[in-house]
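Please look through the sequence and the model that follow before reading on. The paragraphs after them lead from the overall order of the chain to particular residues.

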Amino acid sequence: IGTSEHQDTAAEQVLVYSLHKNTNEDLDITFLRPSMFPDWDRSNWGTPFSYFRYAIPELCDWSGRAIYMDVDQLNFRDIADLWNTDLQGKPFGMCWEADNWNGGKYRNTPLERGWYSDSVMLIDCEKAKEWVDEIHQIRDINNVGDIYKYTFFAKCGAPHKEKADMIHEIDARWNSFDG
C-alpha cells in the first residue's frame, strides 16, 4: 500500500480493515513509505509515494505476485479474487478508466478514450523484470526530472489500450473512481 510517512494513518486503518473484512485469506501487507526510500527525490511527485509502486517487483526479489494499492481506497470484495486473476501471461493487471477523462483534464461527460490506472495493480514480479527498471534506475530517472510513470507506460505501450501488450485489463470494479 502506497502511503505517506504518518499523515495517512486513518486511511491506512480503514483500507486494512476493509481488506480483512472481505476475505478469509491471510494478508501480508507492507506500507510503502518515504522512509523506505530515503534517497529518492520526491519533489515532483503527485503523492509522497507515487513511484514506489514500481519498486515492488524488485522488493519481492523478482518472484511471486504482488498487489499494489494507493492508500485512499476502500475494498468491498474478496481481494483473493484479484490475486487469483489470470493475467494471461502478462506482467501487469490494471483497470482501464475511460469515463470523464480527456487529455489529462476531467470532464462531465464520458469519453471513448481513457487510460490505464496504476492506483491498483496486480503484478507478476518475475515477468515484470523485463518491464520495470531496478530501484536505483527508477530513483535516478526521477532525479533528472523525467517522470518514471510515463517512461514505464511508454515502454509497455500504454496509455493506448490497443498497444499495451504487457498490461492485462482487470475488472474495473477493482479501481472505481466515484468522484
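Read from the N terminus on, the elements of this protein follow the order α-α-β-α-β-β-α-α-α-β, and the model in which they appear is a predicted one. Taken together, the secondary structure comes to six helices and four strands. Of the 179 residues in the protein, 45% are buried, where buried stands for a relative accessible area under 20%.

The strands are a convenient place to begin. Strand E3, which covers residues 115-124, has ten of its ten residues buried, so this strand is largely enclosed by the rest of the structure. Strand E1 runs antiparallel to E3, and five bridges join the two; within this pairing, Tyr 68 stands opposite Met 121 of E3. Strand E2, made of residues 92-97, is likewise joined to E3 by five bridges and runs antiparallel to it, and here Cys 95 is the residue that stands opposite Ser 117 of E3.

Strand E1 returns when we turn to the open spaces of the model. Rolling a probe the size of a water molecule over the atoms shows where empty space is left. The second largest pocket has a volume of about 600 Å³, and 20 residues line it, with Asp 28, Ile 29, Ala 66, Ile 67 and Trp 83 lying nearest its centre. Helix H2 (56-59), strand E1 (65-69) and helix H3 (79-83) are the elements that give two or more residues to this lining, and the largest share, four residues, comes from E1. As to the character of the lining of the second largest pocket, its residues divide into 14 nonpolar, two polar and four charged.

Charged side chains also matter for the contacts between parts of the chain. Side chains of opposite charge can pair when their charged atoms come close. With a limit of 4 Å between a side-chain nitrogen of Lys or Arg and a carboxyl oxygen of Asp or Glu, the count comes to nine salt bridges. One of them is formed by the side chains of Asp 39 and Arg 139, at 3.0 Å from N to O. This pair links distant parts of the chain, since Asp 39 belongs to the loop between helix H1 (9-21) and H2, while Arg 139 belongs to helix H5 (residues 135-143), 100 residues apart. Asp 39 is partly exposed, with a relative accessible area of 45%, whereas Arg 139 is buried, with a relative accessible area of 18%.

A second salt bridge is found between the side chains of Arg 53 and Asp 70, at 3.2 Å from N to O. Here too the pair links distant parts of the chain, with Arg 53 in the loop between H1 and H2 and Asp 70 in the loop between E1 and H3, 17 residues apart. Arg 53 is buried, at a relative accessible area of 5%, and Asp 70 is buried as well, at 11%. In another salt bridge, the side chains of Asp 171 and Arg 173 meet at 2.6 Å from N to O; Asp 171 is partly exposed, with a relative accessible area of 31%, and Arg 173 counts as exposed, at 58% relative accessibility. Salt bridges that share partners also join Asp 39, Arg 139 and Asp 140 into one network.

What does a search for disulfides in the whole structure find? The search finds zero disulfides, and the cysteines Cys 60 and Cys 125 show how this comes about. The sulfur of Cys 60 has its closest cysteine sulfur in Cys 125, and because the distance is 4.1 Å, the two are too far apart for a bond, given that a disulfide needs sulfur atoms within 2.5 Å. The surroundings of the two residues can be described as well: Cys 60 counts as partly exposed, at 27% relative accessibility, while Cys 125 counts as buried, at 0%.

A last stop is the loop between H1 and H2, where Pro 48 is found. At 31% relative accessibility, Pro 48 counts as partly exposed. Pro 48 and Leu 32 are 16 residues apart in sequence, and their C-alpha atoms are 9.8 Å apart in space. The loop that holds Pro 48 is also the one in which Asp 39 and Arg 53 are placed.

Notes: Residues are numbered from 1 along each chain as its sequence is written. This is a predicted model: local features need pLDDT of at least 70, side-chain atom pairs count only at pLDDT 80 or more; totals for chains, interfaces and linings use all residues. Side-chain values use heavy atoms; hydrogens and water are left out. On a 1 Å grid over the protein atoms alone, a cavity is a set of points where a 1.4 Å probe fits but cannot get out, and a pocket is an open set with protein on both sides within 12 Å along at least five of seven lines; lining residues have an atom within 4 Å of a point. Grid points are joined across faces, edges and corners, and a volume is the space filled by probe spheres set on the points. Ala, Val, Leu, Ile, Met, Phe, Trp, Tyr, Cys and Pro count as nonpolar, Asp, Glu, Lys and Arg as charged, and the others, Gly among them, as polar. Buried means under 20% relative accessible area, exposed over 50%, partly exposed in between (1.4 Å probe, protein chains only). Two strands pair if DSSP finds at least two bridges between them.
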